[in-house]
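Hi,

Here is the structure I promised to pass on. Have a look at it first, and my notes follow underneath.

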Amino acid sequence: MTEIAIAEAPFDKRHLCWFCEEPADGLFHFISPREHEHPSVAISACKECRLIAKSRELDSLYECRMLVKDTLIQRYAKHLAIGSNWTKAELEDSGFDCKILGGFKKSAWFMYEVARDRVNAAGWPVSVNGLVIDDGSHGAEIEHDGVKFTTLTGAARHFSHTQGLDEQFICALVKLLGRQRFAYALRLASLYRAANSRQKQELLSELHEDEQR
């Protein structure tokens with residue numbers, strides 16, 4: 001039987017979910033396929049994140065974390081899109097006072113903040129008996145509209161779904177312009193929303209030539 005150690009947590013985080021930092025209600029048991037490299041460990045988690053993390057057999061806590069983060073982004077895409085389309089002040093001054101839109105006006109920004117904070121939760125270094133298993137370094141991220149995405153494809157997928165943009169075109173633009181210009185790439189993708197494949201390719205070729213100068 002695999003021995004599972006309970007991970008240590010900072011005092012102020014001991015009742016929170018390691019994945020999203022909402023209140024935890026149990027433990028996620030990660031069974032390592034390579035005990036000599038990455039021991040099995042139990043870590044605090046909320047029910048939703050725990051079920052997501054258990055849905056696939058993965059090799060490390062890092063991979064479990066990325067799975068949970070990407071799934072939450074997809075699951076709460078509509079909530080996250082609120083922050084792309086509105087500011088808190090704009091919602092308050094929106095004039096949405098009818099019965100249906102009035103409810104949206106009251107709850108929309110709160111739903112966005114909850115989804116954003118869960119997705120952006122950094123967690124904390126995971127250790128057992130002083131041995132660090134996951135140091136919290138989760139690679140390069142793309143941040144836009146207050147949301148941090150783990151991968152370029154994940155960010156492109158999100159905005160292609162919520163803003164009706166071309167996912168492959170976004171990725172091609174970012175590869176040319178660089179991750180630090182992701183917002184500019186989205187603006188170009190939005191500008192070329194109705195463009196055909198030839199027009200998009202012409203823009204990419206022109207941008208490529210500019211980058212080579």
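How far apart should the ends of helix 9 (residues 197-212) be, at 1.5 Å a residue? Before the answer, one reminder: this is a predicted model. Helix 9 has 16 residues, so at that rise it should span 22 Å. Its end C-alpha atoms sit 23 Å apart in the model, which agrees with the expected span.

While you're looking at helix 9, check which way its side chains point. Its buried residues are K200, L203, L204 and L207. Looking down the helix axis, you'll find these buried residues within an arc of 100 degrees, so they line one face of the helix. Helix 7 (167-177) and helix 8 (182-191) are among the things that cover them. Turn to the face of helix 9 that points away from the buried side and you'll see the exposed residues R198 and Q212.

The other thing I looked at was cavities. The structure has 1 cavity of 30 Å³ or more, and the volume of the largest cavity is about 40 Å³. Which residues line the largest cavity? They are D70, I73, Q74, F149, T150, G154, A155 and R157. Helix 2 (61-75) and helix 6 (152-163) are the elements that each give two or more residues to this lining. As for chemistry, the lining is a mix: 3 residues are nonpolar, 3 are polar and 2 are charged.

That's what I have for now.

Cheers

How values were computed. Residues are numbered from 1 along each chain as its sequence is written. This is a predicted model: local features need pLDDT of at least 70, side-chain atom pairs count only at pLDDT 80 or more; totals for chains, interfaces and linings use all residues. Side-chain values use heavy atoms; hydrogens and water are left out. On a 1 Å grid over the protein atoms alone, a cavity is a set of points where a 1.4 Å probe fits but cannot get out, and a pocket is an open set with protein on both sides within 12 Å along at least five of seven lines; lining residues have an atom within 4 Å of a point. Grid points are joined across faces, edges and corners, and a volume is the space filled by probe spheres set on the points. Helices (H or I, at least four residues) and strands (E, at least two) are DSSP runs, numbered from the N terminus. Ala, Val, Leu, Ile, Met, Phe, Trp, Tyr, Cys and Pro count as nonpolar, Asp, Glu, Lys and Arg as charged, and the others, Gly among them, as polar. The expected span of a helix is 1.5 Å times one less than its number of residues. Buried means under 20% relative accessible area, exposed over 50%, partly exposed in between (1.4 Å probe, protein chains only). The arc is that of the directions from the helix axis to the C-beta atoms. Contact means heavy atoms within 4.5 Å.
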